[in-house]
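Colleague: Could you take one part of this structure and look at it closely with me, going slowly enough for someone in the first year of study?

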Amino acid sequence: MSFAQVNSDTGAVPPTAEDIAVWLRDRIAELLDVRPETVATDRPLRDLGLQSLQIVALAQKLSERLGRPVPGWTVWQYPTVAALSAHLAGDGRPAAAADRPLPDPSGTYAQEPIAVVGIGCRLPGGVETPEELWQGLLDGIDAIREVPRDRWNAREWLDPDPRAPGKTTTRWGGFLDDVSRFDAELFRISPAEARHMDPQQRMALEVAWAALEDARIAHDGLHGTRTGVFFGTMAQEYHLATGADPASIETHSAVGWDNSIIPARIAYTLGLQGPVMAVATACSSSLTATHLAVQSLRRGESDLALAGGVNVMLHPNTTVAMTKFGGMNPDGQCRAFDAGANGYVRAEGCGVVVLRRLSDALSAGDRIYAVIRGTAVNNDGASNGLTAPNPQAQVDVLRSAWQDAGVDPKDVSYIEAHGTGTPLGDPIEAEALGTVFAEGRTEPLFLGSAKTNFGHLEPAAGVLGLIKTALALHHGVLPANLHFDEPNPRIDFERNKLRVVTERHPWPAARRRYAGVSSFGFGGTNAHVALEEAPCRRRELLPVAADGEKALHDAIDALAASGTNTARTRSHDTGTHRAVVAVTAAGTTDLVAGPHPAEQRPRSPSSSPATARSGSAWAATCSATRSSAPPSTNATTPYGSSPAGR
């Protein structure tokens, strides 16, 4: 018999859950000076505004009211009025820990590929969705601008001499339009608490929420699940911007300024009970967080994971520090692998990916952007200085990741490089890439870096590179790398078989698409993620119509050159001759239903092309094309077709 059950020896009629809830709402209303009907029964007592001591006192009064002990832990085990009332009335208690499914200890998932099923982002240039990010990359977005006046006065902090005390050599950065906005009401956070929350906490919570929406996962269905949160963090500037006056420090300041609360806030809001941790390895933080998320999924301790990173620039001190460190480019550009590489430009933003074991993603019918086949993390160790790269360590982390993936490096087509555009870092990274990927290669290894578009997001840089690469695999296109005018003479591109993507390029022809993402922290922690295209590349089906058969096929041919945006416009054409085509972002079309060109028709009069394609082939295509799939996805390919696949 639990504490919640009445002693049957007394003969008293036990109170119902409704009776207890009414009493609790009355007492809470008195403490908060509100009307009882305004006390929500489904929100934790702390969220309603009660402090810990008030909750303990409430439990004591409840014991007196019921005439039996109500242990203090009960109010934390059942934190809402509804849950506490049901428990005390004996109407409900959660399954005992022994009854809950435990992580699989058998190693069943040890080599399981991990699917990227959702993406959330907020980036400079007004980018707030995966679709906006992809379009920006295709358009060659350059999101760097002068420091906004609402951050700091860039002119007052500027000095061309990097040795000038308290000054920086740059007035540029990748800034978000508004870091103060926050929908606190959506997350049931009081205005007082929201005011003291670091914008990194606010942004991470909103972007994680958006990533789950992109994954078509209901937020309220995650409560109590083994969902992990792994988040890369670095500088903490909010207290510098707001806490200079000790008198402004209040109750919520401690958690509001703590970077460990960034992932904890997400877990608390959604009720997640998997591993939750902030990861601080400087500029490799978010990719290291991804590595930990993958490991957690493969160990079975998580069934779903959110991995990401966040960075916000609120005070000039960090930029001054990086100037003294020697990392800043006064011109405000990341010129990755270019002869003019002269440092990087800082940036802010947030990125989150939703990860699931591939078997679970396929079972759930998820849209899959890409698949993580392997990951690796190591450290430079005793290199030529604490912050100096170690070429051999970079070689080792690359090899380890692709060994984990079970893929021959020569089959990899693209690397989203760390690529900060520093005179020391770029040549070392290029040499390591050549060492691992050049052998046996017949086509060059393509290189790019999102830092050339958005700047260096520092702890969030790795996840931005991961998102960019997942989208590139998804769409079958390599976006251009900016600010590459002349190859760095310290890099032997030909010997290392490297080529920077200087313009939009269809994904190189290959049996399977493979790509890697690198991220290196200045404390020596290196991370690399090995990616593969999704096991099924869905296509967008478009109707095409024209007044004649020749005009119909001319229109179909035009779709490949015009791109999917024009294709959607052309799909509204009318005419008596009609067809359905599948269009990919790579600029290819496939006739799904309708008449083939005369020269492609079979000679046998018994075989009608239109009838043949509109029968079983049409049904097969429809079955592989979900109505919820995004517009620019393409054909179906079974996962097992890869020589390195399962």
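**Helix α18, its partner and a cavity**

Modeller: The structure holds two cavities of 30 Å³ or more, and since this is a predicted model, I will come back to its confidence at the end. The largest cavity encloses about 70 Å³ of space, and its lining is made up of Glu416, Ala417, Ser449, Ala450, Lys451, Gly455, Leu457, Ala461, Gly462, Leu464, Gly465 and Ser518. Sorted by class, this lining has five nonpolar, five polar and two charged residues. Helix α18 gives the most to the lining, with four residues, and that leads us to the helix itself.

Two packed helices are described by the angle between their axes and the distance between the axes. Helix α18, which covers residues 461–475, packs with helix α12, residues 285–299, at an angle of about 65°, and the two axes lie 5 Å apart. Because angles of 65 to 115 degrees count as roughly perpendicular, α12 is described as roughly perpendicular to α18. On the α12 side the contact is made by Ser286, Leu287 and Thr290, while α18 brings Ala461, Gly462, Val463 and Leu466. The residues of this contact comprise four nonpolar, three polar and no charged. Ala461 and Gly462 belong to this contact, and Ala461 and Gly462 also appear in the lining of the largest cavity.

As for confidence, the chain averages a pLDDT of 85, and 82% of the residues score at least 70. Over residues 564–572, however, the pLDDT is below 50, and this stretch has 18 contacts in the model beyond near neighbours in sequence. Residues 603–646 also stay under 50 in pLDDT, and for them the model has 85 contacts beyond four places in sequence.

How values were computed
Residues are numbered from 1 along each chain as its sequence is written. This is a predicted model: local features need pLDDT of at least 70, side-chain atom pairs count only at pLDDT 80 or more; totals for chains, interfaces and linings use all residues. Side-chain values use heavy atoms; hydrogens and water are left out. Axes are lines fitted to C-alpha atoms, for helices over the stretch in contact, and angles run from 0 to 180 degrees between N-to-C directions. Helices (H or I, at least four residues) and strands (E, at least two) are DSSP runs, numbered from the N terminus. Angles under 35 degrees count as roughly parallel, over 145 as roughly antiparallel, 65 to 115 as roughly perpendicular and the rest as oblique. Contact means heavy atoms within 4.5 Å. Ala, Val, Leu, Ile, Met, Phe, Trp, Tyr, Cys and Pro count as nonpolar, Asp, Glu, Lys and Arg as charged, and the others, Gly among them, as polar. On a 1 Å grid over the protein atoms alone, a cavity is a set of points where a 1.4 Å probe fits but cannot get out, and a pocket is an open set with protein on both sides within 12 Å along at least five of seven lines; lining residues have an atom within 4 Å of a point. Grid points are joined across faces, edges and corners, and a volume is the space filled by probe spheres set on the points. pLDDT is the predictor's confidence in each residue, from 0 to 100.
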